[in-house]
Amino acid sequence: MSKTFFIRTMGCQMNVADSDLVAQQLIERGFLLTENVNEADIIIVNTCTVRQHAEARALSYIGDLKKLILSATSATETLADRESSADPHKPKSRKIIVMGCVASRLKDELKKKFPFIDDVIPANEIEKVSEVLEKHYDCLTSNLSNKTFSEFVTITRGCSNFCSYCIVPYVRGPEESRPVIKILLDIEKLTNSGKHEITLLGQNVNSYNSNGTDFADLILKINDISEINKLGFMTSHPKDMSDKIIDAIASCEKIPHQIHLPLQSGSDKILKLMNRHYTKEKYLTIIGKLKKKIPDVKFTTDIIVGFPDETEKDFNDTLEIVKEVNFASAFTFKYSPRENTKAFFMKDDVPMSIKKERLARLNALLKIESKKDVR
Ligand code: SAH
Ligand code: SF4
Ligand code: F3S
């Protein structure tokens, strides 16, 4: 009987794409995907640690799995499985795997905290998930399928930008651009399975470069594929948004007129402390150029409030630029110190009450801006 697996995905689209890849590999090895965690032989948790709250959520979910293992038996589990296990509450046949960014950060510490975890697999070693499971379970019939799940196509892995607040470069490793041919094969697989709207993924897609093919060249190439109707991408980094890329975006008719361009802060002082490598002026210049070339373009963004040393004046600079750009929507966050990042060693000196208050003011302004339709 085929073993079933359940996969819970937290965090960003990178994790969604990684979970898809793992699911695909497991299906090809004869495992069956289930939506019901109670009946799964294998429970995979794909975790996020970008902010402290995200990690806390992941740990709490993993903690809750213990109760589930104690109370429910999986669909294929037998009494013998339970009896042959060293721990009567943890049948040998039931496996718990933690992957993703918390796995990268805490590694074996996770197993100490939750002894019922079988394997901890870091975010940049996802191919190990199917390897490990092949070892646990023998004799699998191959179930080769062309099934794909989401519309995501990873173009770069990891990140080498080291924004001072961000843990991603530490848990995902250095940026690597995938070869064009592999990206095109992934796209072909998607179009063959009936998907015609795709989204290219990378922590900073604008710095894509594989043997001289840069991001502009890549989107122009993909825009020419007749089976593709819609071509999205995320995330752009203002520091690498060159004129060549702006021109390419404007000339690709399959790119939606909605661009996600993380701002993080409107204060030059804070942007410098964040190691973002652009100024407010540079950000506004990019927005201006894109608006000129694509008159109905809309922007979405990410903003952090309460970064170390953010004064009321710095915060007001952020409010000002938000008014100037007229964002359609934004993801907004309170700064959360992450261990061993550069900012972790700066004093987290904006009190929580002020972070909360600034977040509320920012969100109120964004709500007003998103309803305006000025261009
Ligand atoms: N690579 C993307 C996304 C990174 S994570 C980018 O560069 O934009 C998504 C968002 O989480 C970031 O844009 C940032 O706004 C936020 N973020 C990252 N680390 C954070 C931290 N330590 N505290 C608060 N927000 C953070
Ligand atoms: Fe983090 Fe900056 Fe890399 Fe985005 S570009 S993942 S914010 S280090
Ligand atoms: Fe979270 Fe890792 Fe993405 S930390 S935001 S899942 S890259």
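Ala, Val, Leu, Ile, Met, Phe, Trp, Tyr, Cys and Pro count as nonpolar, Asp, Glu, Lys and Arg as charged, and the others as polar. Keep that in mind as we explore this predicted model.

Q: What makes the shell around ligand 3 five nonpolar, three polar and one charged residues?
A: Sort its members by class. Cys 12, Cys 48, Val 50, Cys 101 and Val 168 are in the shell and count as nonpolar. Asn 15, Thr 49 and Gln 203 are there too, and they count as polar. Arg 172 completes the list and counts as charged.

Q: Where does ligand 3 lie with respect to domain 1 and domain 2, and why?
A: Domain 1 (4-136) and domain 2 (151-256) both give residues to its shell, so ligand 3 lies between them.

Q: Which residue of the shell around ligand 2 is the charged one?
A: That shell divides into seven nonpolar, three polar and one charged. Arg 276 is among the residues around ligand 2, and Arg counts as charged.

Q: How do you know that β1 and β2 pair?
A: Pairing takes at least two bridges, and β1 (residues 4-9) shares two with β2, in the parallel sense. As for bridge partners, Thr 4 has Leu 32 in β2.

Q: Why are β2 and β5 called edge strands?
A: The open sheet has the order β2-β1-β3-β4-β5, with parallel pairing. β2 (32-33) and β5 (119-122) each have a single partner strand, so one side of each is left without a neighbour in the sheet.

Notes: Residues are numbered from 1 along each chain as its sequence is written. Chains are lettered from A and ligands numbered from 1 in the order in which they are written. This is a predicted model: local features need pLDDT of at least 70, side-chain atom pairs count only at pLDDT 80 or more; totals for chains, interfaces and linings use all residues. Side-chain values use heavy atoms; hydrogens and water are left out. Helices (H or I, at least four residues) and strands (E, at least two) are DSSP runs, numbered from the N terminus. A residue is near a molecule or strand if one of its heavy atoms lies within 4 Å of it. Domain bounds come from an automatic or database domain assignment.
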